[in-house]
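Welcome to this short tour. Please have your viewer ready, and select each stop as we come to it.

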Amino acid sequence: MLTTLLVIFPPLLLLSVVYLNTYYESQRLALLEQLSRTAGAELAVYDQRFYSASMKLRNLTNNPDVVYLLQHDYRDNLLSYMENLDEVMPVMDALRSDDPNTSLNLYSFNETLYRTYGIRWASELRGVEPETIYAYGRKFIPYYVFDLNGSSGKTVKLYDVIHDYSGLLAIAEIAVPVDPLVRQLASRLPQGSLVEYVASAPETEVWLWGEPPPQSSHAPAARAASAQSFAMTSGSAQPAVGADLASSSSDALSAYTRLAISSAAGGGEFVIHVPDRYVRAELARYIWTPALMIGGLLCTIFVSIQLVARLLTRRLGLLMERTKRRLEKGGDLDKAPTFFGADEFGQLDEAFRELLERVKFYYNESAQTELRRKLLETELLHVQVNPHVLYNSLSAIRWVYDDARLHQLIDTMVDYYRLFLNRGHVETRLDDELRMIEKYVHMQQFAYASAFQYECEVEQGLREDAFIMGHLIQPIVENALVHGIRLLESGGKVVLSAERQGELLLVTVRDNGAALYHRHARRPPAGEAGAAETAQTDELDADEEQRLLAARSQSASPVGSGYALHNIQSRLKLYYGERYGVRLERGPGEWTVVTITLPYRTGASS
């Protein structure tokens with residue numbers, strides 16, 4: 001459980017933190033953009049008034065009546081001055097008419113002019129240098145300054161020069177009050193905000209609203225790098241970089257978020273410093289809802305994991321307990337409890353039950369196979385012990401009785417049992433097996449009253465190379481003699497052949513014994529019953545044929561070896577595999593064919 005939580009929860013917490021941080025930043029940018037748009041709407045009025053003032057100033061400096069008034073000498077010609085002044089005053093009154101609070105003044109370098117309303121001497125100009133104004137005027141750029149301590153409140157004054165071919169005639173001044181504008185702007189901003197104007201020509205910083213923070217000893221660039229900044233250009237809000245940050249003047253501004261709003265008039269910008277505490281307080285209202293939702297989601301996931309883990313653990317423990325009970329009961333599925341359910345645990349329990357059934361089945365099969373192997377080994381030992389005693393007895397009889405035919409029979413029997421007893425392995429060379437069959441056939445020819453033929457059609461190379469299971473062919477030859485040849489009066493024949501077909505070795509025993517297919521060829525039974533039987537039809541019906549085929553597949557006659565075809569079949573399948581065995585079938589003509597199929601093996605493979 002702890003491992004699961006350690007694996008799942010850290011990624012979830014990390015994703016939650018990343019999401020909240022992204023959401024927080026997006027809401028912060030949205031809030032600052034809203035403030036920038038609000039301030040931008042107010043400052044647009046300033047830009048409009050500034051632009052209007054600059055156009056008035058340009059009309060005044062380029063007016064020919066004004067230039068004409070400033071060019072003449074009026075020391076002894078007051079009437080001419082009054083006439084020219086009457087031409088100029090309507091122009092100045094018209095320029096003041098749209099804004100009564102705007103003041104318009106001409107500071108003349110012509111000392112013969114009389115000082116009157118709107119016309120003053122250049123010596124009365126304060127706060128600016130005529131040379132500076134003249135330098136800007138030659139570039140066709142109005143020079144402006146902020147007057148924060150004027151009698152009419154905060155004003156911005158624009159200056160330009162009036163000159164002719166002879167030189168500088170006067171300096172024109174237009175003073176636009178900005179105090180109402182700044183107050184209106186401050187009323188729309190959060191409490192504690194600061195308003196600063198940064199001019200580019202000339203390069204000045206003017207605090208229009210709020211007390212500037214105390215000066216710091218640190219470099220401005222290093223100080224400003226720690227402050228958060230936000231800029232608005234042409235009505236769109238975006239983070240400010242570079243010079244926008246460098247315009248701050250104190251380390252104390254790091255507690256403010258900086259909004260830079262470009263001004264179309266003058267090429268400067270208004271910088272609004274919004275307290276960070278206001279930004280955090282506003283964002284707290286937005287961030288609490290997703291934070292609570294994420295917290296609830298994490299708690300839900302935690303509880304779900306706990307419930308699912310407990311459910312899985314309980315069912316897994318139940319499955320383990322039932323599995324142990326089954327193992328303790330020795331795999332007895334009848335006494336073992338059943339695990340109910342169609343889920344994966346139920347399927348796992350069912351698969352385990354099937355596994356136990358298969359293990360139990362294979363265990364029983366293995367035990368039965370081992371039992372059959374032990375029985376076959378015991379039977380083989382019995383078969384080997386009995387001929388050993390007989391072998392010793394026959395040797396003793398040969399030395400007692402002096403009979404040539406008896407000696408020949410005993411020698412044949414001794415050679416047969418010597419070959420039978422001298423095998424030390426399960427498999428033997430095919431040649432040894434065939435020589436043992438020849439000895440066996442010689443003994444049977446001595447015993448049978450009717451003569452029969454025996455032929456062995458096996459190549460010498462195959463006899464020497466092939467290995468087969470010992471004592472495999474003799475029971476089949478015995479079966480052919482007892483159930484076929486014995487019932488013939490004459491003309492019996494047994495043919496043994498072997499051939500290799502790829503990886504298989506086929507050993508075939510054929511006989512023309514009449515017991516299967518022709519009753520008239522059998523020895524006639526004694527008595528009237530036998531004569532009546534011979535009068536029956538010569539052909540066998542289907543039921544009789546199947547019965548005689550079954551008789552061949554059962555145990556041999558009591559005088560035989562005791563091996564039946566099904567015993568040979570069992571030995572072959574047990575030793576070589578299921579694909580090998582014995583096949584009994586009806587051959588062409590009057591022949592009965594027994595085919596043994598086994599793998600071809602040489603001495604090295606054996």
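Before the first stop, one definition: a residue is called buried when its relative accessible area is under 20%, exposed when it is over 50%, and partly exposed in between. Please also keep in mind that this is a predicted model.

**Stop 1: a helix with a salt bridge**

Start by selecting helix H11, which covers residues 430–447. Show the side chains of Asp 431 and Arg 435, which form a salt bridge with their closest N and O atoms 3.5 Å apart. How far apart are Arg 435 and Asp 431 along helix H11? They are four residues apart, which means a separation of about one helical turn.

Is Asp 431 buried or exposed? Its relative accessible area is 12%, so Asp 431 is buried. Arg 435, at 33% relative accessibility, counts as partly exposed.

Now widen the selection to Asp 431, Asp 432, Arg 435 and Arg 463, because these residues are linked in a network of salt bridges. Arg 463 belongs to helix H12, residues 460–465. With 10% relative accessibility, Arg 463 counts as buried. For one more look at Arg 463, add Leu 434: the two are 29 residues apart in sequence, while their C-alpha atoms are 8.1 Å apart in space.

**Stop 2: an arginine with two partners**

Next, select Arg 510 and Glu 457, whose side chains meet in a salt bridge at 3.9 Å, N to O. Which strands hold the pair? Arg 510 lies in strand E16 (residues 504–511) and Glu 457 in strand E13 (residues 452–457), so the salt bridge ties together parts that are 53 residues apart in sequence. Arg 510 counts as partly exposed at 28% relative accessibility, and Glu 457 counts as partly exposed at 42%.

Keep Arg 510 on screen and add Trp 591. Arg 510 lies over the face of Trp 591, at 5.7 Å from the ring centre.

**Stop 3: a covered helix**

Now select helix H13, residues 474–483. How many of its ten residues are buried? Ten of the ten are, and the helix is mostly covered. Among the buried residues are Gln 474, Glu 478, Asn 479 and His 483, together with Pro 475, Ile 476 and Leu 481.

**Stop 4: rings beside rings**

Time to look for aromatic side chains. How many aromatic pairs does a search of the whole structure find? It finds ten.

For one of them, select Tyr 74 and Tyr 81: their ring centres are 5.2 Å apart and their planes stand at 65 degrees, so the pair is edge-to-face. Tyr 74 is buried, with a relative accessible area of 1%, and Tyr 81 is buried too, with a relative accessible area of 1%.

Then move to Tyr 575 and Tyr 576. Here the ring centres are 4.9 Å apart and the planes are at 85 degrees, so this pair is edge-to-face as well. Tyr 575 is partly exposed, with a relative accessible area of 36%, whereas Tyr 576 is buried at 11%.

Finish this stop by selecting Tyr 46, Phe 50, Tyr 197 and Phe 270, which ring pairs link into a cluster.

**Stop 5: a surface patch and a salt bridge**

Select Leu 78, Met 82 and Tyr 114. Together they form a nonpolar patch on the surface, with about 270 Å² of accessible area. Met 82 sits in helix H3, residues 78–96, and counts as partly exposed at 39% relative accessibility.

Now pick Asp 73 and Arg 75, which form a salt bridge with their closest N and O atoms 3.8 Å apart. Is Arg 75 buried or exposed? Arg 75 is exposed, with a relative accessible area of 63%, while Asp 73 counts as partly exposed at 47%. The count for the structure comes to 18 salt bridges.

**Last stop: an annotated stretch**

To close, select residues 287–312. An unreviewed UniProt entry places the feature "transmembrane region" here. In the model, this stretch is 100% helix and 0% strand, and its end C-alpha atoms are 37 Å apart.

Methods:
Residues are numbered from 1 along each chain as its sequence is written. This is a predicted model: local features need pLDDT of at least 70, side-chain atom pairs count only at pLDDT 80 or more; totals for chains, interfaces and linings use all residues. Side-chain values use heavy atoms; hydrogens and water are left out. Patches are made of residues with over 30% relative accessible area and no salt bridge: like charges are joined within 9 Å, nonpolar side chains (Val, Leu, Ile, Met, Phe, Trp, Tyr) within 5 Å. Accessible areas come from the Shrake-Rupley method with a 1.4 Å probe; for residues, only the protein chains shown count as cover. A salt bridge is a side-chain nitrogen of Lys or Arg within 4 Å of a carboxyl oxygen of Asp or Glu. Helices (H or I, at least four residues) and strands (E, at least two) are DSSP runs, numbered from the N terminus. Buried means under 20% relative accessible area, exposed over 50%, partly exposed in between (1.4 Å probe, protein chains only). Rings of Phe, Tyr and Trp (its six-membered ring) pair if their centres lie within 6.5 Å; planes under 30 degrees apart count as stacked, over 60 as edge-to-face and the rest as tilted. A charge sits over a ring if NZ of Lys or CZ of Arg is within 6 Å of the ring centre and within 35 degrees of the ring normal. UniProt positions are given in the numbering used here, feature names are shortened, and annotations may be inferred rather than shown by experiment.
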